[in-house]
Amino acid sequence: MKLKPLADRVIIAPTAAEEVTSSGIIIPDSAKEKPLKGTVLAVGNGTKDEEMILKAGDEVLYGKYAGSEIEFEGDKVLIMRQNEVLAVIEK
């Protein structure tokens, strides 16, 4: 089954949080911050007022509380509106 966002929404796979600090201290899951970086998996078609700028495969930055986290086929992904994405990371 495939997940296709509607209108100006995008699906983002969050980048895994760092688990070990440079000093070797292991950080428990409860103390980790929500990642603020991820990869766009799928995009909607946009709306008549907002053209879809993002595309699948883009590396993006988003706000700490942006989007809705869901679990789909065993993976946690975020669904958010395109305007909640702060920036595209260009390589």
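**Notes on an all-strand chain: strand β6 and the charged pairs**

1. Let me start at the C-terminal end: I89 sits in strand β6, which spans residues 85-89. Bear in mind that this is a predicted model. With a relative accessibility of 31%, I89 counts as partly exposed. Together with L61 and L86, I89 makes up a nonpolar surface patch, and the three share about 250 Å² of accessible area.

2. On the overall layout, the chain has 6 strands and 0 helices, so the order from the N terminus reads simply β-β-β-β-β-β. Of its 91 residues, 27% come out as buried. The accessible surface is about 6,400 Å², with carbon and sulfur atoms supplying 54% of that. Take the contacts with a separation of 6 or more: 63% of them are between residues 24 or more positions apart.

3. E59 is worth a look. This residue belongs to strand β3 (residues 59-62). E59 is buried but has no salt bridge, and K91, the nearest side chain of opposite charge, is 4.3 Å away. The cut-off for a salt bridge is 4 Å, so the E59 and K91 pair does not make the list. What E59 does have is a polar contact of 2.8 Å to the side chain of T39.

4. Staying with E59, which residues does it contact once neighbours within four places in sequence are set aside? They are K37, G38, T39, A87, V88, I89 and K91. I89 from point 1 is therefore one of the contacts of E59.

5. Now the salt bridges, of which there are 2. In one of them, D8 pairs with R81, and the closest N and O atoms are 2.6 Å apart. D8 is in the segment before β1 while R81 is in strand β5 (residues 75-81), so this pair ties together parts 73 residues apart in sequence. The two ends differ in exposure: D8 is buried at 5% relative accessible area, whereas R81 is partly exposed at 33%.

6. L6 also lies in the segment before β1 (9-14). Buried or exposed, how does L6 come out? L6 is exposed, at 64% relative accessible area. Its C-alpha atom is 9.6 Å from that of R81, with their positions 75 residues apart along the chain.

7. The other salt bridge joins the side chains of D58 and K55, at 3.1 Å from N to O. Here D58 is buried, with a relative accessible area of 10%, and K55 is exposed, with 52%.

Note on methods:
Residues are numbered from 1 along each chain as its sequence is written. This is a predicted model: local features need pLDDT of at least 70, side-chain atom pairs count only at pLDDT 80 or more; totals for chains, interfaces and linings use all residues. Side-chain values use heavy atoms; hydrogens and water are left out. Helices (H or I, at least four residues) and strands (E, at least two) are DSSP runs, numbered from the N terminus. Buried means under 20% relative accessible area, exposed over 50%, partly exposed in between (1.4 Å probe, protein chains only). Contact means heavy atoms within 4.5 Å. Accessible areas come from the Shrake-Rupley method with a 1.4 Å probe; for residues, only the protein chains shown count as cover. Patches are made of residues with over 30% relative accessible area and no salt bridge: like charges are joined within 9 Å, nonpolar side chains (Val, Leu, Ile, Met, Phe, Trp, Tyr) within 5 Å. Lys and Arg count as positive and Asp and Glu as negative; His and the chain ends are not counted. A polar contact is a pair of N or O atoms within 3.5 Å; within protein, one must be able to donate a hydrogen and the other to accept it, and residues adjacent in sequence count only if both atoms are side-chain atoms.
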